[in-house]
Amino acid sequence: MREMVLRETGLYPVPDIQVPEELVRVAKDWLKSRKPFLLLHGDFGSYKTTLAKKIAVNFVKNPEYAIWQAFFVFHPKLDREFYVENEKVLLKTRLLVIDDFMKEGRCLTELFYVIEERKNEMRRTILTTNLSPDPDLYKDSPIGKIFSRMTDPNFSVVYNCTPFRTRNPHQFKEGGMIW
């Protein structure tokens, strides 16, 4: 039952991967800070998504109400129909994870509205992206406005994730990765 509910919220499956201690510290600091936003940016292989999912799964204490506790959205799949069907959840869930935020994404204006409302309500939101979060790079666009909110030091913890998977060239071994 728990797995079925978590799958519906986008939180399942969570990879059985140990997140580097440095990122665990970032997550704990964010949770202690009471700031609503955590922005994780960096290259592929930096555990952004894995960390975000693990934080979200820890928010889900009662699977019966999981969708109101944590909700995971893969940004490239976010379209107008998804937004309309899930607007209330996007605005009200205790923790919203927006994964793989990209400039080619759709519904950027709606997403800005969600982020603005969540900021006003101080609702926890995690955004992961491979983009540089510098709002000046995207002037006068919804992306610039989103990054402007997500990088505001009064409301955000911003962390540039290093690609841990590429730090050690000997991390690959026959049969899979060593984590």
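Helices H6 and H7 are roughly parallel to each other in this predicted model. H6 covers residues 108-121 and H7 covers residues 142-150; they pack at an angle of about 20°, with their axes 9 Å apart. Because angles under 35 degrees count as roughly parallel, the pair receives that description. H6 passes H7 in a left-handed crossing.

Let me turn to the residues at that contact. From H6 come Leu-108, Thr-109, Leu-111, Phe-112, Ile-115, Glu-116 and Lys-119. H7 contributes Pro-142, Ile-143, Lys-145, Ile-146, Arg-149 and Met-150. Sorted by class, the contact of H6 with H7 has 8 nonpolar, 1 polar and 4 charged residues.

H6 also packs with H5, which spans residues 80-92. Here the angle is about 5° and the axes are 10 Å apart, so H5 and H6 are likewise described as roughly parallel to each other. On the H5 side, the contact is made by Arg-80, Tyr-83, Glu-87, Leu-90, Leu-91 and Lys-92. On the H6 side, Glu-110, Tyr-113, Val-114, Glu-117 and Arg-118 take part. The residues of the contact of H5 with H6 divide into 5 nonpolar, no polar and 6 charged.

The third helix pair is H2, residues 21-33, with H3, residues 48-59. Their axes come within 11 Å and cross at roughly 45°, which makes H2 oblique to H3. The crossing of H2 and H3 is right-handed. Leu-23, Ala-27, Trp-30 and Leu-31 of H2 make the contact with Leu-51, Ile-55 and Phe-59 of H3. By class, the contact of H2 with H3 has 7 nonpolar residues, with no polar and no charged ones.

I move now to the interior. In soluble globular proteins, nonpolar side chains tend to be buried together. The largest nonpolar core in this model has 25 residues. Which residues have the most contacts inside it? They are Leu-90, Leu-96, Phe-101, Leu-127, Ile-146, Phe-147 and Met-150. At least two residues of this core are supplied by each of strand S1 (37-42), strand S2 (70-74), helix H5, strand S3 (95-101), H6 and H7. The largest share, 5 residues, comes from H6.

Two of these core residues, Leu-90 and Ile-146, have already appeared in this talk: Leu-90 in the contact of H5 with H6, and Ile-146 in that of H6 with H7. Leu-127 deserves a separate word. Leaving aside its neighbours within four places in sequence, Leu-127 is in contact with Leu-38, Leu-39, Leu-40, Ile-98, Phe-101, Phe-147 and Met-150. A second, separate core of 22 residues includes Val-19, Ala-27, Leu-95 and Tyr-159. Ala-27 is also one of the H2 residues in contact with H3.

I close with two backbone details. Asp-100, found in strand S3, has a positive phi of about 60° although it is not a glycine. Asp-140 also has a positive phi, near 55°, and is likewise a residue other than glycine. Where is Asp-140 found? Asp-140 is in the loop between strand S4 (124-129) and H7.

Are these two aspartates buried or exposed? At 23% relative accessibility, Asp-100 counts as partly exposed, because that class lies between under 20% for buried and over 50% for exposed. Asp-140, at 81% relative accessibility, therefore counts as exposed.

How values were computed:
Residues are numbered from 1 along each chain as its sequence is written. This is a predicted model: local features need pLDDT of at least 70, side-chain atom pairs count only at pLDDT 80 or more; totals for chains, interfaces and linings use all residues. Side-chain values use heavy atoms; hydrogens and water are left out. Axes are lines fitted to C-alpha atoms, for helices over the stretch in contact, and angles run from 0 to 180 degrees between N-to-C directions. Helices (H or I, at least four residues) and strands (E, at least two) are DSSP runs, numbered from the N terminus. Angles under 35 degrees count as roughly parallel, over 145 as roughly antiparallel, 65 to 115 as roughly perpendicular and the rest as oblique. A crossing is left-handed if the near helix is turned anticlockwise from the far one by less than a right angle, and right-handed if clockwise. Contact means heavy atoms within 4.5 Å. Ala, Val, Leu, Ile, Met, Phe, Trp, Tyr, Cys and Pro count as nonpolar, Asp, Glu, Lys and Arg as charged, and the others, Gly among them, as polar. A nonpolar core is a set of buried Ala, Val, Leu, Ile, Met, Phe, Trp, Tyr and Cys residues joined through side-chain atoms within 4.5 Å. Buried means under 20% relative accessible area, exposed over 50%, partly exposed in between (1.4 Å probe, protein chains only).
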